[in-house]
Amino acid sequence: MPVDYSKWDALELSDDSDIEVHPNVDKRSFIRAKQGQIHQERVARKHRITTLKYEKVINDGLLVRIDALLKSLEAHKKDVEGKNEKGEVDEVVFDCLLEVNEDGSLGADEPPQPPEGVHTQEQQPVYSKMMGALVDQVKIEVDKQSTDGTARYAAYQKETGAHLTKVQSLQKDLMVELNNLEKQEGTKITSDSIHEGFNSSWVSKGQPSVPAAATKTAKKGADPELLNPGRPEPGTETPGSEADVEDGALAPVPGQEAADDDDIEASPIAKQFGKIKFGDYQGSLQFISTNPEVLAEKETDGLLVEAFNTQSNATNRQEQDYARQCVHQALLLQYCRQLGKDGVGLFFKRITTQGHQARKMFLDDVNSTYDRIRTRTAELNRQKAEEPEGGVEQIQLHAVDPNTTINIITPPPLDKCQSDDERASRSIFDTFPPGLQRALESASLDKVNEVLGKMSVDEAEQIVEQLGNGGMLSLEEGVIDATTDEGKKQMEEIERTHAMPGQKGEEERVVEVDEMD
């Protein structure tokens, strides 16, 4: 099949290597001059095309009005019958001109503004002024004929028709020149010929989801107020290695509060997405395209919570399959987010390809996540069944004497320890789980009690014993300010009983024994 190279003929080159110049002419200078000539001709051609197009619009408006004047003159032809005076005939003609100028159906009297750079040295007159100048020229020609009455009126019609023919001839020549210039402009490929052929974008916007803030507020308002809200529910104690406090509680962000995990729940749109059958990737893709807001991270968390709750209360195979289905849909959304901007299309392209390694990796992740949820829920249900009535016993650190505070001392790193006691204390500290280490480093007794509350009693007792052996807990008695009324009363009590407030009962018994002796 022969190749057609004719399209390259439209390229206009100013630096052709095959060009031949006179030996006395510098080739580079000649090429630059050729470039300047080509660009200058191109600019002049474009300017001429713009000017001709504008003049065509002006001529079209003028032709319509000249034709309307001829029709008006023909309609008032009977008005000049019996009139021989030149003035009377001229008056009828000017009445026809006034009628045309006042005809709104012919368009606006003000012509369009010229493009930039076109007819900049002259002010474009309005159409009524153009028609007045045309009638003045016609009157000059009619006066040369020295006619009266109907003959003079006929001369007006003839000369006006001659002007119409003249403008039509000019318009015809203008169109010929314009077509030639446009054809010449189209034969060359320039940077102005490059244009965007097709560009379209479409974004699927789902229906706005119903805010659940009011539901959560009502739900929180119905909950009873607890004296110890941080205490875990019965059967939810975790091993010491997993006990931890919220990161936001240790290092809260200014102006923000730590999120409450109990408030995480699956939204209606997430539950609807979770009901899509396992492996129905076409249905999942269609749902995401219609409801792109389901890709939010909170929807993934909500589906995982839904899977956990369903598995905890599952009584049949169908409910267990639904829990596994929620895990599958939650990880599907997570993968789509992690794959980047085009993650949705990329994920479904890989997952629907037979034998693709990504499909196996994804399903393995789904199965392992579901197995962890199933194992954890079974363990919690077993602990809940074995738990006796009356709540869970916890180990908490509190000072018996209100004037005594418990201070937490965190040993320095091993490379900064200066004594054997500090090194021994650090060795004990390194054996603690990470959550307890962060709580101790915060030097907050409440944080330490929060971690201990999540442990079993045996583990918590062992931890407290290690804290005492490592010297990480110290008791400090409070200072009594005798300048205040409360401090004066405490000093009077000490002088009367000869004992500190925390030792009052014991000292009183000693005093009583002394008096008996």
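**Exercise 1. Place Arg 426 and describe its surroundings.**

Step 1. Arg 426 sits in helix α13. Helices here are DSSP runs of H or I with at least four residues, strands are runs of E with at least two, and both are numbered from the N terminus. The model is predicted: local features need pLDDT of at least 70, side-chain atom pairs count only at pLDDT 80 or more, and totals for chains, interfaces and linings use all residues. Residues are numbered from 1 along each chain as its sequence is written, and side-chain values use heavy atoms, with hydrogens and water left out.

Step 2. Check burial. Arg 426 has 14% relative accessibility and counts as buried. Buried means under 20% relative accessible area, exposed over 50%, and partly exposed in between (1.4 Å probe, protein chains only).

Step 3. List the contacts (heavy atoms within 4.5 Å). Leaving out residues up to four places away in sequence, Arg 426 touches Thr 410, Pro 411, Pro 412, Pro 413, Leu 414 and Cys 417.

Step 4. Find the charged partner. Arg 426 makes a salt bridge with Asp 430, with 3.3 Å between the closest N and O atoms. A salt bridge is a side-chain nitrogen of Lys or Arg within 4 Å of a carboxyl oxygen of Asp or Glu. Both residues belong to α13 (residues 420-430), four residues apart, about one turn of the helix. Asp 430 is partly exposed, at 38%.

**Exercise 2. Examine two further salt bridges, Asp 67 with Lys 71 and Asp 143 with Lys 139.**

Step 1. Start from the total: the rule gives 15 salt bridges. Side chains of opposite charge can pair when their charged atoms come close.

Step 2. Take Asp 67 and Lys 71. Their N to O distance is 3.4 Å. They are four residues apart in helix α1 (residues 27-75), so about one helical turn separates them. Asp 67 is partly exposed at 32%, whereas Lys 71 is exposed at 56%.

Step 3. Take Asp 143 and Lys 139. Their closest N and O atoms are 3.1 Å apart. Both lie in helix α3 (residues 127-145), again four residues apart. Asp 143 is partly exposed at 31%, and Lys 139 is partly exposed at 26%.

**Exercise 3. Characterise helix α10 from end to end.**

Step 1. Compare spans. α10 (residues 317-338) has 22 residues and reaches 32 Å from its first C-alpha to its last, close to the expected 32 Å. The expected span is 1.5 Å times one less than the number of residues.

Step 2. Inspect the ends. Asn 316 caps the N-terminal end, with a side-chain oxygen 3.2 Å from the backbone nitrogen of Gln 318. After α10 comes Gly 340, with a positive phi near 100°.

Step 3. Look at burial. The buried residues include Tyr 322, His 328, Leu 331 and Cys 336. Their cover includes α7 (268-274), α8 (281-290), α9 (297-312), α11 (343-351) and α12 (357-386).

**Exercise 4. Which residues touch the most other members of the largest nonpolar core?**

Step 1. Define the set. A nonpolar core joins buried Ala, Val, Leu, Ile, Met, Phe, Trp, Tyr and Cys residues through side-chain atoms within 4.5 Å.

Step 2. Read off the residues. Of 29 members, Ile 66, Leu 69, Leu 73, Val 93, Met 131, Tyr 153 and Tyr 156 touch the most others.

Step 3. Assign the helices. α1, α2 (86-101), α3 and α4 (149-186) each supply at least two residues of this core. α1 gives the most, with eight.

Step 4. Note the other core. A second, separate core of 28 residues includes Ile 276, Leu 331, Ile 351 and Val 366.

Conventions
A polar contact is a pair of N or O atoms within 3.5 Å; within protein, one must be able to donate a hydrogen and the other to accept it, and residues adjacent in sequence count only if both atoms are side-chain atoms.
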